[in-house]
Amino acid sequence: MSKYKLHYKHLELEGKIPCFNFSTPLELKEFVGEICHFNVTNRLNPIYLLCFEDCYTLNGKRNEIFIIESHSVIRDLFDGPPNNLIDIVEHVYTLEYHVKDYHLQEYAFYQQAYQQALEMHIKNSRCFE
C-alpha cells in the first residue's frame, strides 16, 4: 500500500493529471529530484505549483498551496537538509495523520500557476467561511 502520492503535471501535459504512488519518502524525494534534474538539463524553467492536501493544524484541516519559480527550491523542499518538506510535515502534524497527497504542477507562466492556485483554493470550503 502506498503511503505517498504525487499528482504530477509536467509542463506540456494536457488532460488528466497522473498520480504516482510511493511507499517511502525516499522514493518520492528521488522522483522529484529526477523531475528537477530533467528540467535543468533541458533548460526548462517552469513555474511550479505545489500543494499538499488535508493537513491537520491547530486550526483544523487545510490545504497549503505554493507557487515557486526555482528548481532548487522544489528540490530542497523535498530533499534539502536539514528539514525538508516531508520531514517537516511528518513532524509538525500529528502522528496519526501525515500528508499523503502532494500536487506538483508545472506551468509556462506565473499567471497560469496563479490562476490554478486560485481555482484550487476556491474549491476549498474555507474560502467561504
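Colleague: Which residues form one aromatic cluster in this structure?
Modeller: In this model, which is predicted, the aromatic cluster is formed by Tyr8, Phe20, Phe22 and Phe31. A search of the whole structure finds three aromatic pairs.

Colleague: Why is the pair of Tyr8 and Phe31 called edge-to-face?
Modeller: Two rings pair if their centres lie within 6.5 Å, and planes over 60 degrees apart count as edge-to-face. The ring centres of Tyr8 and Phe31 are 6.2 Å apart and the planes stand at 90°, so both conditions are met and the pair is edge-to-face. Since Tyr8 belongs to strand 1 and Phe31 to helix 1, this pair ties together parts that are 23 residues apart in sequence. Both Tyr8 and Phe31 are buried.

Colleague: What makes the pair of Phe20 and Phe31 tilted?
Modeller: The ring centres of Phe20 and Phe31 lie 4.8 Å apart, with planes at 35°. Planes under 30 degrees apart would count as stacked and planes over 60 as edge-to-face, so an angle of 35° leaves the pair of Phe20 and Phe31 in the tilted class. This pair ties together parts that are eleven residues apart in sequence, because Phe20 lies in strand 2 and Phe31 in helix 1.

Colleague: Is Phe20 to be called buried, exposed or partly exposed, and how do you know?
Modeller: Buried means under 20% relative accessible area and exposed means over 50%. Phe20 has a relative accessibility of 30%, which falls between those limits, so Phe20 counts as partly exposed.

Colleague: How do you know that the buried residues of helix 1 line one face of the helix?
Modeller: Helix 1 covers residues 25-41, and its buried residues are Leu28, Lys29, Phe31, Val32, Ile35, Cys36 and Asn39. Seen down the axis of helix 1, these buried residues fall within an arc of 165°, so they line one face. The general background is that an α-helix has 3.6 residues a turn, so residues three or four places apart point the same way. On the face turned away from the buried side, helix 1 carries the exposed residues Leu26, Glu34, His37 and Thr41.

Colleague: And what makes the buried residues of helix 2 line one face?
Modeller: In helix 2, which covers residues 71-79, His71, Ile74 and Phe78 are buried. Viewed along the axis of helix 2, the buried residues fall within an arc of 70°, and therefore they line one face of this helix.

Colleague: What is notable about the phi of Arg43, the residue that follows helix 1?
Modeller: Phi of Arg43 is near 55°, which is a positive value in a residue other than glycine. Most residues other than glycine have a negative phi. Arg43 is found in the loop between helix 1 and strand 3. Its relative accessible area is 74%, and since exposed means over 50%, Arg43 is exposed.

Colleague: How do you know that strand 1 is paired with strand 2, and in which sense do they run?
Modeller: Two strands pair if at least two bridges are found between them. Strand 1 and strand 2 are joined by four bridges and run antiparallel, with His7 standing opposite Cys19 of strand 2. Strand 1 also pairs with strand 5, residues 101-107, over five bridges in the parallel sense. Among the partners there, Leu6 is bridged to Tyr102 and Lys9 to Gln105.

Colleague: Why is strand 1 called largely enclosed by the rest of the structure?
Modeller: Five of the six residues of strand 1 are buried, so the strand is largely enclosed by the rest of the structure. The reasoning carries over to strand 5, where six of the seven residues are buried and the strand is therefore largely enclosed as well.

Colleague: What makes Lys9 count as lying over the face of Tyr107?
Modeller: The charge has to be within 6 Å of the ring centre and within 35 degrees of the ring normal. Lys9 lies over the face of Tyr107 at 4.5 Å from the ring centre, so the distance condition is satisfied.

Colleague: How many disulfides are there?
Modeller: A disulfide needs two cysteine sulfur atoms within 2.5 Å, and by this rule the count comes to zero. Cys51 has a relative accessible area of 2% and is buried, whereas Cys19, at 33%, is partly exposed.

Conventions. Residues are numbered from 1 along each chain as its sequence is written. This is a predicted model: local features need pLDDT of at least 70, side-chain atom pairs count only at pLDDT 80 or more; totals for chains, interfaces and linings use all residues. Side-chain values use heavy atoms; hydrogens and water are left out. Helices (H or I, at least four residues) and strands (E, at least two) are DSSP runs, numbered from the N terminus. The expected span of a helix is 1.5 Å times one less than its number of residues. Buried means under 20% relative accessible area, exposed over 50%, partly exposed in between (1.4 Å probe, protein chains only). The arc is that of the directions from the helix axis to the C-beta atoms. Rings of Phe, Tyr and Trp (its six-membered ring) pair if their centres lie within 6.5 Å; planes under 30 degrees apart count as stacked, over 60 as edge-to-face and the rest as tilted.
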